[in-house]
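Biologist: Can you pull up the model so we can go through it? I'd like to start with the overall fold and then get to the DNA.

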Number of protein chains: 2
Amino acid sequence: METKNIILTEDCLECLFKTTCNQTISQEDFDFLFQSTTQQNYKKGEVILKQGLKTNNLVYLLKGIVKFNYEDENKKNLILTITKAPTLLGLANILNEDVSIFSIVAIEESRGCLIDLDKLKMLALNNRLFMLNILKMSTGMFRSSIFNFISLAHKQVNGRIADILINLTKNVYQNNSFILSISRQEFAEYAGCSKENVIHTLRNFDNDNIIKISGKSIKILNLDRLIKISQVG
Amino acid sequence: METKNIILTEDCLECLFKTTCNQTISQEDFDFLFQSTTQQNYKKGEVILKQGLKTNNLVYLLKGIVKFNYEDENKKNLILTITKAPTLLGLANILNEDVSIFSIVAIEESRGCLIDLDKLKMLALNNRLFMLNILKMSTGMFRSSIFNFISLAHKQVNGRIADILINLTKNVYQNNSFILSISRQEFAEYAGCSKENVIHTLRNFDNDNIIKISGKSIKILNLDRLIKISQVG
DNA sequence: TAAAAAAAATGCACTTTTTCACTTTTTAAA
DNA sequence: TTTAAAAAGTGAAAAAGTGCATTTTTTTTA
């Protein structure tokens, strides 16, 4: 049986190094960062980063699917986005020293690599290209979140739900058929509407042969029409 | 009469240098950046950065108020946010080489300082603290935009309009009384609802003595109730 | 400064969405 | 494996929001 360390190294060479920091970080710098990282498994529902708490690390998600969850003054949950591995979580907190403004919660069995924020910052200060890379990821994340924002803020429920289905198919599950990792209630928290509205709208899409639903299992039958619904709003 | 250059220098020492890059950029570096900047006046309605075009500069807004405007596939305009000087515009484009995803348009007589993006990048690469500062601004902007996003995506029109009024009072005009720089139609594009709904809601707030409206002139009479309306959504 | 154009306001019919009370189905636990 | 609890689903009434026609007011410009 291999030791834990060897598994870690392989994973990291495969993921963080190759995909995220590629070519901007030397092996020794990477090893420096790597020494302080620990891997962590998360069960469905487990909190990875908690809203309101100061965090000392980024989490490089190796495996799994997570939701960004904001809990408002009235304890109402709102899902900001759903995203899958591999991805770097906690970028928004990287320099603003105050607390995290939302929680990140696993909605599928996940595994993440905790990266010490202080060491990462130290490294970034000494490695311009690496820092540039992080800056790029940060602004890139901002840019992509704007479209999500536009959908939710300026479309009706049909269009919002269509957008969510498109995002799940194209980016999260990357498959026309998938088993939904969230409840109808959570879907409603994502779409910004009531759960009944989600149920009715999904049912309508099913009746119109745009999707086929059976419990948590969803199959996209007609992506083009979904895109059209998204466009008319 | 003073020369234009002297005026420029004074402005910049006052604004960009002191407020944004403070302590992270040397006088000579600043002068290097400054040599390539030009100042520009914008009339109400003039476009500062255009959606869909590649931009070669950031704009440091010295004076005025601007809207971030997104035009969708159906030519419908959506206002993402409204912000006032002094502020740095175009951060979202700083590293992602592709085109700007929204326009920035003056809604009041404004003045901006065009900063060459290549020179700024060169400078950032040679000055870690300066780059850190820009990274900080970028993530800070992202963080603050999330609350706007939450309001629009997950509240009803009452709450959204309350949020917009609160933002205008606290951050944009920084006064309980102000002359609105946007039309009811634009207000609707910001709130994500119909212009009739804006008119009715503002009228209701007026009837309830929460605000006093008279054309474009708005006075906030009861900020606490507005905050309460924002909270219940 | 008068005429034309644009913006604001109004009321109403219509559509969308929420809320609620309830039933059915699925999941978890004793 | 039965029971309890949670989630999903239903339909209808109430509330919220839109779109349109029309009038009034404000702004622009000739």
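**Chain A and the two DNA strands**

Modeller: In chain A, 70% of the contacts with a separation of 6 or more are between residues 24 or more positions apart. Keep in mind that this is a predicted model.

Biologist: What secondary structure does chain A have?

Modeller: Chain A has eight helices and 11 strands.

Biologist: And what are the dimensions of its C-alpha trace along the principal axes?

Modeller: About 60 × 40 × 30 Å for chain A. The radius of gyration of chain A is 19 Å, which agrees with the value near 17 Å for a compact globule of 233 residues.

Biologist: How much of chain A counts as buried?

Modeller: 52% of its 233 residues. The accessible surface of chain A is about 11,000 Å², and carbon and sulfur atoms make up 50% of that.

Biologist: On to the DNA. Which residues come nearest to strand C?

Modeller: There are 15 residues around DNA strand C, and the nearest are Q156(A), V157(A), E196(A), N197(A) and R184(B). Of the strand C atoms that come within 4 Å of the protein, 74% belong to sugar and phosphate.

Biologist: What does the side chain of E196(A) sit 2.9 Å from?

Modeller: An N or O atom of the E196(A) side chain is 2.9 Å from a base nitrogen of DNA strand C.

Biologist: Which residues have an atom listed against a phosphate oxygen of strand C?

Modeller: S194(A) is one of them, with a backbone N or O atom 3.2 Å from a phosphate oxygen of DNA strand C. R203(B) is another, and there a side-chain N or O atom is 3.1 Å from a phosphate oxygen of that strand.

Biologist: Which elements give two or more residues to that surface?

Modeller: For DNA strand C, they are α7 (195–207) of chain A, plus α6 (184–191) and α7 (195–207) of chain B. The largest share, four residues, is from α7(B).

Biologist: How do the residues near strand C split by class?

Modeller: Three are nonpolar, seven polar and five charged.

Biologist: Now strand D. Which residues come nearest there?

Modeller: R184(A), K216(A), V157(B), E196(B) and N197(B), out of 14 residues around DNA strand D. Sugar and phosphate make up 73% of the strand D atoms that come within 4 Å of the protein.

Biologist: What does K216(A) contact on strand D?

Modeller: A polar side-chain atom of K216(A) is 3.1 Å from a phosphate oxygen of DNA strand D. S194(B) also has a phosphate oxygen of strand D at 3.1 Å, in this case from a backbone N or O atom. For Q156(B), a polar side-chain atom is 3.2 Å from a sugar or linking oxygen of DNA strand D.

Biologist: Which element gives the most to the surface near strand D?

Modeller: α7(A), with four residues. By class, the surface near DNA strand D has three nonpolar, six polar and five charged residues.

Biologist: Different topic. Where is M137(A)?

Modeller: M137(A) is in helix α4 of chain A, which covers residues 128–154.

Biologist: Why does M137(A) count as partly exposed?

Modeller: Because its relative accessibility is 25%, and partly exposed runs between the 20% and 50% cut-offs.

Biologist: How far is M137(A) from I79(A)?

Modeller: Their C-alpha atoms are 21 Å apart, and the two residues are 58 residues apart along the chain.

Conventions: Residues are numbered from 1 along each chain as its sequence is written. Chains are lettered from A and ligands numbered from 1 in the order in which they are written. This is a predicted model: local features need pLDDT of at least 70, side-chain atom pairs count only at pLDDT 80 or more; totals for chains, interfaces and linings use all residues. Side-chain values use heavy atoms; hydrogens and water are left out. A residue is near a molecule or strand if one of its heavy atoms lies within 4 Å of it. A polar contact is a pair of N or O atoms within 3.5 Å; within protein, one must be able to donate a hydrogen and the other to accept it, and residues adjacent in sequence count only if both atoms are side-chain atoms. Ala, Val, Leu, Ile, Met, Phe, Trp, Tyr, Cys and Pro count as nonpolar, Asp, Glu, Lys and Arg as charged, and the others, Gly among them, as polar. Buried means under 20% relative accessible area, exposed over 50%, partly exposed in between (1.4 Å probe, protein chains only). The radius of gyration is taken over C-alpha atoms; the globule rule is 2.2 Å times the number of residues to the power 0.38. Contact means heavy atoms within 4.5 Å. Accessible areas come from the Shrake-Rupley method with a 1.4 Å probe; for residues, only the protein chains shown count as cover.
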